[in-house]
Amino acid sequence: MPPANLTRPIASSRTIGTGLIIGALAVTLAAILIPVSLFGESSAALPRNGVTDDGGGTVSTQYGPLTATDRDFVRKVRLAGTWELPAGRLAQERGGRDAVKTAGEHLIEGHTELDRRSEEVGRALGIQLPNQPNAQQQGWLNEMTSAGSSAQFERVFANRLRAAHGKVFNLVAQVRAESRNSMVRSLATRANAIVLDHITVLEDTGLVDFDTL
């Protein structure tokens, strides 16, 4: 009779390997699912791109669910107009180059439209909007108004505005891709076109220092 320890089936290396793989996948899946259950929403909906969470969560509206990211986007669109409209007017007044004056004209036209649209969205969705620039934006306007020459003004104007538009472009794309609120998506669609136009005309001034963006 064979020894007792030889009568037990020996697990094949293939069976052991499969078990290890399944175990590793289970651990990985648990690691992914735990944060989702803690936040109560998918990781794709978590704030990013500098979004400020107002703590209001997601609410239902007749235009679709409205998230914290949606609300922050609408506020940021309006906030941009509070300093970019005055900057555009300054470019019309102080700009020496035709390209700078053209950029100022595009800023005025674009943010006049976005102001109107964001105010309509704010009223429809109950979002309180800002009416004046924040401290950083006011500081950028102060840099422009205190510039000692037309050339100095133009350089500050082109670089401050190009940097700001580059940063917000990612948020616009995120909201357009992810928002399930039809009014917010419509605003993001138009904002996407206008922001890209502003980036283009600012670069056309020839004054943007890409190394500092």
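These notebook entries record what I looked up in the structure above.

**Entry 1: ground rules.** I am working with a predicted model, in which local features need pLDDT of at least 70 and side-chain atom pairs count only at pLDDT 80 or more, while totals for chains, interfaces and linings use all residues. Residues are numbered from 1 along each chain as its sequence is written, and side-chain values use heavy atoms, with hydrogens and water left out.

**Entry 2: the whole chain.** I looked up the secondary structure and found six helices and zero strands, where helices (H or I, at least four residues) and strands (E, at least two) are DSSP runs numbered from the N terminus. Of the 213 residues, 35% count as buried, a word that stands for under 20% relative accessible area, with exposed being over 50% and partly exposed in between (1.4 Å probe, protein chains only). I also looked up contacts (heavy atoms within 4.5 Å), and among those between residues at least 6 apart in sequence, 74% join residues at least 24 apart.

**Entry 3: helix α6.** For the 22 residues of α6 (residues 182–203), 1.5 Å a residue gives a span of 32 Å, and the end C-alpha atoms are indeed 32 Å apart, which agrees; the expected span is 1.5 Å times one less than the number of residues. Its buried residues include V184, L187, A191, V195 and L202. Seen down the axis of α6, the buried residues fall within an arc of 160°, so they line one face of the helix, the arc being that of the directions from the helix axis to the C-beta atoms. Among the elements that cover them are α2 (68–94), α3 (98–125) and α5 (150–178).

**Entry 4: helix α5.** I repeated the length check on α5, whose 29 residues should span 42 Å at 1.5 Å a residue, and its end C-alpha atoms are 42 Å apart, which agrees. There is nevertheless a kink of about 25° centred on V168, the bend at a residue being the angle between axes fitted to the seven residues ending there and the seven starting there.

**Entry 5: the cores.** A nonpolar core is a set of buried Ala, Val, Leu, Ile, Met, Phe, Trp, Tyr and Cys residues joined through side-chain atoms within 4.5 Å. The largest has 21 residues, and those touching the most other members include W83, F153 and F157. The largest share of this core, six residues, comes from α5. Apart from it I found another core, of 18 residues, among them V51, L66, V74 and V77.
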